[in-house]
Amino acid sequence: IILQRQLQVSDQKEQGARTPLMGQTGKLLVVDDDDVLRSFLVRRFELDGYIVHESDSVAKAKQKLREDTYDLILLDLMMHPQSGYELFDYLKEDPTLKWIPLIVLSARNDVHDKVRCLMLGANDYVTKPFQYDELAARIFSLLSRTKNFEQLAFRDPLTGIFNRRYFDHQIEQELQRIARYPAPISIAFIDIDRFKHINDTYGHAIGDLVLQGLAHLLQQQLRSTDFLARFGGEEFIAVMPNTTGEQAARIMEGVLQLTHRQPIAQYEGQPFSITFSCGVAEWTKGLPTAHWIALADETMYRAKQQGRDRVLI
Ligand code: GH3
Ligand code: MG
Ligand code: MG
Ligand code: MG
C-alpha cells in the first residue's frame, strides 16, 4: 500500500520535484529492444528518482558498461542480433561488472529460462507483462540488500567506521581525483598510547569501548569530506582531502587536546582518559600510496619515541 501511494505521489509530481522511491536511489541500465516498454520504464524510474540509461542491444549495453558504472541492470532476453544471454558472459568475465545486481525481464515464462538465468548470475527474473509496482519493489529490495552487503564489506564491525579494505579502495579514488583537480591532501596515522596496558588493566571489553570511543571522537572532529578508517588493532587513519600537512596536524592536535579534557570510557564507575600518538603526512606529486602511508607511520613512530601523546608532521 505504501508503495502504491508512493507511485501515485510520483505520478502527481510529473511536472514538479521528484522524490526517490522510499529514499532509494541509484543508476540503472535498461537493456531492451522494445522501444515502447523501454521508454515507459525510463520515464517511470526517473520519476522514482533513479538515474536511468538505456540501450536497445547487447552491443550498446557493453559500450555503456565500459563508459559508466551502474547499480543495477535490467536485461531483456529476446533481442537481435544478440540475445540477452550474451551479456551474461561479458559481465562474468569482468571483475568490475560481475557483481552488478541484474534482473531479467522476459516474455519467456519457461522454467528452463528462469533456472538458466539465475544460474548464470541473475538475481531475479520477472516475466512480461509485469506490474510496474512489483518490478519497482524488486529493484528497491535488491538495491537495499546490495547496499547492506557493501556496508558489511567496507565497515569495521567493532567501531562502525570504514575498514582497511575501504581505505585501500578509496585512497586510490582520491588520488585519481587529485590527478584531475590538483589540491593538497593529507593523512593522519593515529595509534593509541599504551593500549596494551588498558587491556591488561581494565580488560578487553573496556579496551573495545575505548576503540569505539576514540573512533567516535575522531569522526566527530573530522569534516564530512574526510574519511576515517580502522587501519589495524588500535590504529586509525584519517584521510583529509583539500588539507595541507600543517592544517591536518592542527586538526589532529585539536582532537588530542579533547582526549585530555574528556574521558573516553569508565572502569567500575571511574571515568578515565587516553592519549594517542599521531603522524601526519601530506601527499606530494608522484609519491606512491604505500610510501605515503609508510611516511605517516614512521612519523607516528617518532612521536612515540619522543614521549607519545603528540602529533608530528
Ligand atoms: P604504544 O604506545 O607503543 O602504541 O603501546 P601499545 O600498548 O598501544 O601497543 P601494542 O602494539 O604493544 O599493543 C596494541 C594492543 O592492542 C595489543 C592488542 O591486544 C590490542 N588490540 C588490538 N586489537 C584490539 C581489539 O579489537 N580490542 C581490544 N580490546 N584490544 C585490541
Ligand atoms: Mg525483446
Ligand atoms: Mg599499534
Ligand atoms: Mg598503541
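Q: Helices (H or I, at least four residues) and strands (E, at least two) are DSSP runs, numbered from the N terminus. With those names in hand, between which two elements does the loop that holds Pro129 lie?
A: This is a predicted model, and in it the peptide bond from Lys128 to Pro129 is cis, with omega near -5°. One neighbouring element is strand β5 (124–127), and the other is helix α6 (residues 132–154). Pro129 therefore belongs to the loop between two elements that carry these labels under the DSSP numbering: β5 and α6.

Q: How many helices and strands does the chain have?
A: The chain has 313 residues, and buried residues make up 30% of them. Its secondary structure comes to eleven helices and twelve strands.

Q: Which strands are at the edges of the sheet with parallel pairing?
A: This open sheet has five strands in the order β2-β1-β3-β4-β5. From one strand to the next, the twist averages 20°. An edge strand pairs on one side only, and here that applies to β2 (51–55) and β5 (124–127).

Q: Is strand β1 largely enclosed or largely open?
A: Strand β1 covers residues 27–31. It runs parallel to β2, joined by five bridges, and the bridge partner of Val31 in β2 is Ser55. Because four of the five residues of β1 are buried, the rest of the structure leaves the strand largely enclosed.

Q: Which residue of β5 stands opposite Leu105?
A: Strand β4 (residues 102–106) pairs with β5 in the parallel sense over four bridges. Opposite Leu105, in β5, stands Val126.

Q: What angle does the direction of helix α6 make with that of β5?
A: Helix α6 packs on this sheet and touches β3 (72–76), β4 and β5. Angles between N-to-C directions run from 0 to 180 degrees. For α6 and β5 the value is about 175°.

Q: Why is one side of β7 and one side of β12 left without a neighbour in their sheet?
A: This is another open sheet of five strands, with mixed pairing and the order β7-β8-β6-β11-β12. β7 (227–232) and β12 (311–312) stand at its edges, so one side of each has no neighbour in the sheet, for each has a single partner strand.

Q: What is the bridge partner of Ser186 in β11?
A: Seven bridges join β6 to strand β11 (residues 276–282), and the two run antiparallel. Helix α10 (residues 245–261) lies across β6, β8 (235–241), β11 and β12, at about 165° to β11. In β11, Ser186 has as its partner Glu282.

Q: Which element gives the largest share of the largest nonpolar core?
A: In soluble globular proteins, nonpolar side chains tend to be buried together. The largest nonpolar core here has 43 residues, and Ala188, Ile237, Ala238 and Cys278 touch the most other members. Leaving aside neighbours within four places in sequence, the contacts of Ala188 include Met252, Val280 and Ala296. The largest share of this core, six residues, comes from β6.

Q: How many residues are in the second, separate core?
A: Among the members of this second core are Val31, Leu41, Leu105 and Ala122. It is separate from the largest one, and its size is 28 residues.

Q: Which class has eight residues in the shell around ligand 1?
A: Of the 17 residues around ligand 1, those that come nearest are Asp193, Phe195, Lys196, Gly207 and Gly233. The elements giving two or more residues to the shell are β6 (185–192), α8 (195–202) and α9 (204–221). Four shell residues are nonpolar and five are polar, while the class with eight is charged.

Q: Does Glu268 count as exposed or buried?
A: Most residues other than glycine have a negative phi. Glu268, in the loop between β9 (265–267) and β10 (270–272), has a positive phi of about 50° although it is not a glycine. A residue with 12 or fewer C-beta neighbours within 10 Å is exposed. Glu268 has 6 inside that distance, so it counts as exposed.

Technical notes. Residues numbered from 1 in each chain as written. Chains lettered and ligands numbered in written order. Predicted model: local features only at pLDDT ≥ 70, side-chain atom pairs only at ≥ 80, totals over all residues. Near = placed C-beta within 6 Å. Nonpolar A, V, L, I, M, F, W, Y, C, P; charged D, E, K, R; others polar. Pairing = 2+ DSSP bridges. Contact = placed C-beta atoms within 7 Å. Core = buried A, V, L, I, M, F, W, Y, C linked by C-beta atoms within 7 Å. Buried ≥ 20, exposed ≤ 12 C-beta atoms within 10 Å, placed from the backbone.
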